[in-house]
Amino acid sequence: MSLLTPSIRPSAVARLNPISKLGAAIVVSLALLLSIDWVSALVALALEGLLLFWCGLSARQFWLRTSTLWIAAPFAGLTTVLYGRDSGAVLLTIGFVTVTDGSVQLGLAIALRVLAIGLPGIVLLSTTDPTDLADGLAQVLRLPARFVLGGLAGLRLVGMFIEDWRFLILARRARGVGDGGGPIGALRRFFGPAFALLVISVRRGSKLATAMEARGFGTAPRTWARESVIGAGDAVMLGLGLGIAGIAIVVAVWAGTWRFVLS
């Protein structure tokens, strides 16, 4: 079962160790954060797009999971174009807003970077089982078992939060609470269930922590039912991450757009 849904069909990427997928995503992200230019982001995004066909997600699953990213990236780019640092020729002036060549290139770079950094993370997360991720963090990266198991338990509750929210909305609707009232009513319909969900979450977390302590979680060295190993496929995944990062940087340097972010 993946982190987002249990309906992901088996794929070569899904069978890899979560640590290798996490490492590849981190390598690409760090490379893209070293410079804010549109060439390296475009190259990385194009290379990532070629590999997404092997992730095991259907077209519908892919667009549903990444829809917020496709909305956020243009908004981030547009905001940068309108209010980013001005440089180069002035293209448009509206009141206190000035659009220049430099701000357009910066906005394009920001939008492409949001996609190039966000897409691999979302897709790899969708093909990762939470228990496999916890096994990898504890056995491969040697993170404390108490921290890993606490995170796994919390992650398992995400789906329950969604169900709780749906039932809260239905219950309030059945009682006629928060209906109508225009904008004020809309705020009540949101903040009322949100506060109730917060209370439910705190209570459920306390009960879960007590139950885990009663069963001895974190009180003694643990053994693991499933061994987490790094294989040849995981080495290939890490190599692909390094390759995408290296190619993106080399092409940007060759094109003359590479600018170190701290310079």
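In the predicted model, helices α2 (38-51) and α9 (232-255) each contribute at least two residues to a nonpolar patch. This patch, which lies on the surface, is formed by Leu50, Leu51, Phe53, Trp54, Val236 and Leu240, and together these residues have about 650 Å² of accessible area. One of the patch residues, Trp54, is located in the loop that runs between α2 and α3.

The packing of helix α3 (residues 59-83) against helix α4 (residues 101-126) was examined next, and the two helices were found to pack at an angle of about 160°, their axes being 8 Å apart. Because angles over 145 degrees count as roughly antiparallel, α3 and α4 are therefore described as roughly antiparallel to each other. The crossing in which α3 passes α4 is right-handed, and the residues of the contact of α3 with α4 comprise 15 nonpolar, 7 polar and 1 charged.

Helix α4 also takes part in a charged pairing, since Arg113 lies in this helix while its partner Asp37 lies in the loop between α1 (18-33) and α2. Side chains of opposite charge can pair when their charged atoms come close. In the salt bridge between Arg113 and Asp37, the closest N and O atoms are 3.5 Å apart, and the pair thus ties together parts that are 76 residues apart in sequence. For the model, the count of salt bridges comes to 6.

Definitions and conventions: Residues numbered from 1 in each chain as written. Predicted model: local features only at pLDDT ≥ 70, side-chain atom pairs only at ≥ 80, totals over all residues. Heavy atoms only, no water. Axes fitted to C-alpha atoms, helices over the stretch in contact; angles between N-to-C directions. Helix = DSSP H or I, 4+ residues; strand = E, 2+ residues; numbered from the N terminus. Parallel < 35°, antiparallel > 145°, perpendicular 65-115°, else oblique. Left-handed = near helix turned anticlockwise from the far one by under 90°. Nonpolar A, V, L, I, M, F, W, Y, C, P; charged D, E, K, R; others polar. Patch = residues over 30% accessible without salt bridge, like charges linked within 9 Å, V, L, I, M, F, W, Y side chains within 5 Å. Areas by Shrake-Rupley, 256 points an atom, 1.4 Å probe, with all protein chains shown as cover. Salt bridge = Lys/Arg side-chain N within 4 Å of Asp/Glu carboxyl O.
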